[in-house]
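Visitor: I am new here and would like to understand the words used for this structure. Could you walk me through them?

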Amino acid sequence: MFQHKTGAIKLFTRQWQLQSMVIPGIVWMLIFCYIPMFWLIIAFMDYSIAKPMLQSPFVGLKHFEDFMTDDRFWRSIRNTLGMSSIKLILGFPIPIFFALMLNEIRNIRFKRTVQTISYLPHFIAWTIFGGIMLNWLGEGGVINQLMMALGLQDREILFNSEPKYFWWITYFSDTLKETGWSAIIYIAAIAGIDPGLYEAAELDGANRWQRMWHITIQSIRPTIAILFILAVSGILGSNFEQIFMLKNNMNLRMAESLDLYIYNMGLVSGRHSFSTAVLFVRSIVALGLLFLANYTSKKLTGDSIF
Amino acid sequence: MVKRRRFRRIGIFEVCNALLMLAVCFITLYPMWFVFINSFNAPEQALLGTVNWFPKEFSLASYSVVFNDKTLMNGFYITTMRTVIGTAVHVLFTAVVAYGLSKSHLIGRKLYLKIALITMLFSGGLIPTFILMTKLGLYDNFLVFIIPAMYTFFNMVIFMSFYRTIPESLEESAKVDGASDYGVLFRIVLPNSMAVIATISLFSAVYHWNDYYQGVLYIRSQDILPMQTMLYKIIAENSMSAIQQQAMAQFGARLPGNSIKFASMMVATLPILLFYPFIQRYLVKGVMIGAIKG
């Protein structure tokens, strides 16, 4: 036993160079990931940032009761689920559709050009992209001009000041920005399909749509399943950079997602413990959702992340 | 793959599909075109409303306001510094940690990997992280852009899987010649990993360049505020720097502010737009590696 131990120490010192590469990384993780995890316990305290943590009194589930009875919390849950559902139901198929259609383009150069252009907006900052959206949705903006020219509305609407449009604004602007980028994975999956399958199907007399359905879709099903699992498990999240950019005092009623609620309560109002309690519950639910989505997908399609 | 392309006639489907793709290109490019033309529009003209296709009267007035705005230019400088330093530190640190972890004879490797993996499933989240930054003295400190962004699990995994494709004989022959682990890493492994280094550098650089949120959260002093955070304040909160207010007073209305806004947006996006054609294939490569791993 003793012999073995000294052996290990000797080995360890012999590979000190490798260890000195890894240990700073581990220390970084302990500081920047594990300390914040540990600090989640302030959810059970009345924490004040000016004092050392352990001097703050334990208050049990007080903050949990507080937010569970806060209407604004439930409103933020509704907003998050609303925006996520729209994105999931109406947004999830769009990149798949785009990838399928792009795959039907036979001119390689045209195809490549379209693809390259399609993911450009992904690399534009939300400050810029959001700025464009705010301009378009405002007075005299592109959207108003377009709607009036088409005769769909007879006067200007300040879209971003009316709460009822907010969910749709996030959906459309997200689609506009991310469709091309999200399609990359599907395009790659389609490129990996054996061309022989298509030829065989063609010989059997399958038409374009049948080939798309029976070969392309079936072949990329695992990719779709995995991305769907991730999308479902992220349902309590929101695109914070987007919402933070597009929200204002007038649309806050529909714009305040759970993330924004945590931000507003924790950092704007300074209720650190209260917000951490919300964070705490959210992390647990999100993790549960991930396992649930994974399990469901495994049962239904046989594809899963882990 | 066997080439087997019979001549096929171009049907309605092909035409519709090509039109659809052109439409996609149009709606993707138009927003940037919109910013571009409006930034060149004369401020007096902007009074009449925003322009949709071409500037009514070409003018560089808005750009001269932006480039003479010391605050904004300082933001540009901070963003540049942040991007250069942040990217270099991130790539170096992540590459080195990943190299150590990729060695199967590393003592404690299983434990290290578990520690790394758990960070993927749980995180402290916004408030505890904010408190940590405050306690570490990173609040209102330029280093808040660099140190917390030194490492990501995802990029480490990309590095690790790339190292595995480098032939072991290459490393072993260097070891026989007496090279240390650091010697092997810096003289053999990293020079052979240029493709993955390029990809990760670009992702990191784009993140640093585009991020405005860290600045909103942690920075109070004007002199270390990144450009994107300033833009956020100008666009979303409608705040203006002194020189912009002066310019507005000169042109005397609310709307000229618009063309100044667009000019600042253009300046903040130009590096991305200029490099985009050359870097985009590395970015796609990056997401592919990530997808295969994930």
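**Reading the labels**

Visitor: Why is A:Arg155 called exposed?

Guide: A residue counts as exposed if 12 or fewer other C-beta atoms lie within 10 Å of its own. A:Arg155 has 7 C-beta neighbours inside 10 Å, so A:Arg155 counts as exposed. Please keep in mind that this model is predicted.

Visitor: Where is A:Arg155 in chain A?

Guide: A:Arg155 sits in the loop that joins α8 (142-149) to α9 (166-191) of chain A. From A:Arg155 to A:Asn144 there are 11 residues in sequence, and the C-alpha to C-alpha distance is 8.2 Å.

Visitor: What makes α4(B) oblique to α12(B)?

Guide: Helix α4 (residues 70-102) of chain B packs against helix α12 (residues 227-236) of chain B at an angle of about 140°, and their axes are 7 Å apart. Angles over 145 degrees count as roughly antiparallel, under 35 as roughly parallel, and 65 to 115 as roughly perpendicular; the rest are oblique. The angle of about 140° fits none of those three ranges, so α4(B) is oblique to α12(B).

Visitor: Which residues make that contact?

Guide: On the α4(B) side they are B:Leu72, B:Gly75, B:Phe76 and B:Thr79, and α12(B) brings B:Met227, B:Gln228 and B:Met230. Sorted by class, this contact of α4(B) with α12(B) has 4 nonpolar, 3 polar and no charged residues.

Visitor: How do you know that A:Ala99 is buried?

Guide: A:Ala99 is among the residues with the most contacts inside the largest nonpolar core, alongside B:Val97 and B:Leu231. A nonpolar core is a set of buried residues, so membership tells us that A:Ala99 is buried. That core has 125 residues, and α4(B) gives the most to it, with 11 residues. Leaving aside neighbours within four places in sequence, A:Ala99 is in contact with A:Ala183, A:Tyr186, A:Ile187 and A:Ile190.

Visitor: How does the radius of gyration of chain A stand against that of a compact globule?

Guide: A compact globule of 306 residues would come out near 19 Å, but chain A has 25 Å. The C-alpha trace of chain A spans about 70 × 65 × 35 Å along its principal axes. Chain A has 16 helices and 0 strands, and 35% of its 306 residues count as buried.

Visitor: How many residues does each chain give to the contact?

Guide: Chain A gives 64 residues and chain B gives 68. Helix α2 (residues 16-38) of chain A supplies the largest share of the chain A side, 14 residues. By class, that side has 45 nonpolar, 16 polar and 3 charged residues.

Note on methods:
Residues numbered from 1 in each chain as written. Chains lettered and ligands numbered in written order. Predicted model: local features only at pLDDT ≥ 70, side-chain atom pairs only at ≥ 80, totals over all residues. Axes fitted to C-alpha atoms, helices over the stretch in contact; angles between N-to-C directions. Helix = DSSP H or I, 4+ residues; strand = E, 2+ residues; numbered from the N terminus. Contact = placed C-beta atoms within 7 Å. Nonpolar A, V, L, I, M, F, W, Y, C, P; charged D, E, K, R; others polar. Rg over C-alpha atoms; globule rule 2.2 N^0.38 Å. Buried ≥ 20, exposed ≤ 12 C-beta atoms within 10 Å, placed from the backbone. Core = buried A, V, L, I, M, F, W, Y, C linked by C-beta atoms within 7 Å.
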